[in-house]
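Please open the structure in a viewer and keep the selection panel at hand. The tour below moves from one selection to the next and states what is found at each stop.

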Amino acid sequence: MPQVFYLPDRIGVEVEEGDFLLDASKAADIPHTHVCGGAGRCSTCRVAIVDGADNCGKPNATERSIAHQLHFAPSIRLACQTQILGDVTVRRLAIDGEDLELINAQIKGKVQPETIGQEKNVAILFADLRGFTSLSEELLPYDVIYLLNRYFRRMGEAIERHGGIINNYMGDGLMALFGVGSNDRAAEGAVRAGLDMMAAMERLNPYIETLYGQNLKIGVGIHYGDVVIGEVGAIDNAKLTAIGDAVNLASRIESANKALGTTLLISETTYEQVKELVSVKAVFQVKLKGKSGEYPLYEVDGIDPPREVEPVARISDKSDRKPSLWRKIRQLFIRVWKAFRRLLESGKS
């Protein structure tokens, strides 16, 4: 007989093949939350499949509808709708009243579906404003905030233009993520944004010099790797963030710019994603703070223009092209001229 192992209860239950996860937990007196009574209308009985996903029946129409509405990851299933076909390990996701509050807030749209963490490959970009701390000591509080907001606006435009989102602000630094919605060409988008940010800083510097008599520089570090994406914070103020060693590595790469005298550095995994597109000025073997060994970092100073998309209805055969108005006029003129010449030749004869 199949067995279901429930977490965090650490209870194993033998069931008949074809039984439902919720029925099995109820029979074993496991306090499995099911507000709607197991009718597939509330999603509070949701579980995470830890092991044995192939031993679960495929989602039916009811479950597919809720999963689509709430953007469930494939590992999240409704216990009341999931049949057991073999051994499986699951984790209940509504353990107490606070969990229920979070689930209800998600259902009502008060929090985003990304609240439940998902592993994903993304490009992480860190940027830091060089020289701003010393400059800010000479400025009035109003000017400090005014200059920062102007700077962040320009950087934000460059990041959004290439498909990124600013995830966090840290003083005069920022962290941006690329590939949260779709990781298609995430690394390329991050590198294009980094170069765009450098150009935006150059355009902003004459303004800063006019007002404050100084030029500022930025340092940008990019890493492409696996992170946990999810919303973190109070229900009414939760923010999407990325957690994992890849985030720490991206931050260390950005910091390396200061010692190397560079502006834009990318990791090897990022380079592998964009090597056919970028031009590299130098490659450094660097020991990063808090990391063992040396890491190759690539100083990028250019990237190929985006590939142009061919028109869908492109006409390749000249014979298929419709004549333009000018061609029609030209053809008419030739016919009239030929008729006039024939008239002249007949008059001479």
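The stops that follow cover backbone features, aromatic contacts, a pocket and a helix, all in a predicted model.

**Stop 1: the loop between β1 and β2**

Begin by selecting Leu7 and Pro8. The peptide bond that joins Leu7 to Pro8 is cis, and its omega is near 5°. Pro8 belongs to the loop between β1 (3-7) and β2 (11-14). Next, add Arg10, which lies in the loop between β1 and β2 as well. Although Arg10 is not a glycine, its phi is positive, at about 60°. Is Arg10 buried or exposed? With a relative accessible area of 62%, Arg10 is exposed.

**Stop 2: the loop between α1 and β3**

Move to Asp29, which is found in the loop between α1 (21-27) and β3 (46-51). Asp29 is not a glycine, yet it has a positive phi of about 60°. Its relative accessibility is 69%, and because exposed means over 50%, Asp29 counts as exposed.

**Stop 3: the aromatic pairs**

Now display the aromatic side chains. How many aromatic pairs are there? The count comes to four aromatic pairs. Select Tyr151 and Phe152 for one of them: this pair is tilted, with 5.2 Å centre to centre and 50° between the planes. Tyr151 is buried at 1% relative accessibility, and Phe152 is buried with a relative accessible area of 11%.

Another pair is formed by Tyr271 and Tyr298, which are stacked at 4.1 Å centre to centre with 5° between the planes. Tyr271 is part of helix α8 (residues 268-274) and Tyr298 is part of strand β13 (residues 294-303), so this pair ties together parts that are 27 residues apart in sequence. The relative accessible area of Tyr298 is 10%, and Tyr298 is therefore buried.

Return to Tyr151 and Phe152 and add Tyr169 to the selection. Tyr151, Phe152 and Tyr169 make up one aromatic cluster.

**Stop 4: a charge over a ring**

Select Arg150 together with Tyr207. The charged end of Arg150 sits over the ring of Tyr207, at 3.9 Å from the ring centre.

**Stop 5: the largest pocket**

For the next view, select Leu216, Lys217, Ile218, Thr262 and Thr263. Among the 13 residues that line the largest pocket, these lie nearest its centre. The volume of the largest pocket is about 290 Å³.

Which elements each supply at least two residues of the lining? They are α6 (186-212), β9 (217-232) and α7 (245-260). Colouring the lining by element is useful here: α6 gives the most to it, with four residues. Colouring by class instead gives four nonpolar, five polar and four charged residues in the lining of the largest pocket.

**Stop 6: helix α7**

Finally, isolate α7, one of the elements that contribute to the pocket lining. This helix has 16 residues, and the span from its first C-alpha to its last is 23 Å, close to the 22 Å expected at 1.5 Å a residue. Within α7, the buried residues include Ala246, Val247, Leu249 and Ala250. Ile253, Glu254, Ala256 and Asn257 in α7 are buried as well. To close the tour, select Gly261, just after α7, where phi is positive at about 70°.

Note on methods
Residues numbered from 1 in each chain as written. Predicted model: local features only at pLDDT ≥ 70, side-chain atom pairs only at ≥ 80, totals over all residues. Heavy atoms only, no water. Phe/Tyr/Trp six-rings, centres within 6.5 Å; stacked < 30°, edge-to-face > 60°. Buried < 20%, exposed > 50% of the residue type's maximum accessible area, 1.4 Å probe, protein only. Lys NZ or Arg CZ within 6 Å of the ring centre and 35° of its normal. 1 Å grid on protein atoms, 1.4 Å probe; cavity = no way out; pocket = protein on both sides within 12 Å on 5 of 7 lines; lining within 4 Å. Points joined across faces, edges and corners; volume = space filled by probe spheres on them. Nonpolar A, V, L, I, M, F, W, Y, C, P; charged D, E, K, R; others polar. Expected span 1.5 Å × (residues − 1).
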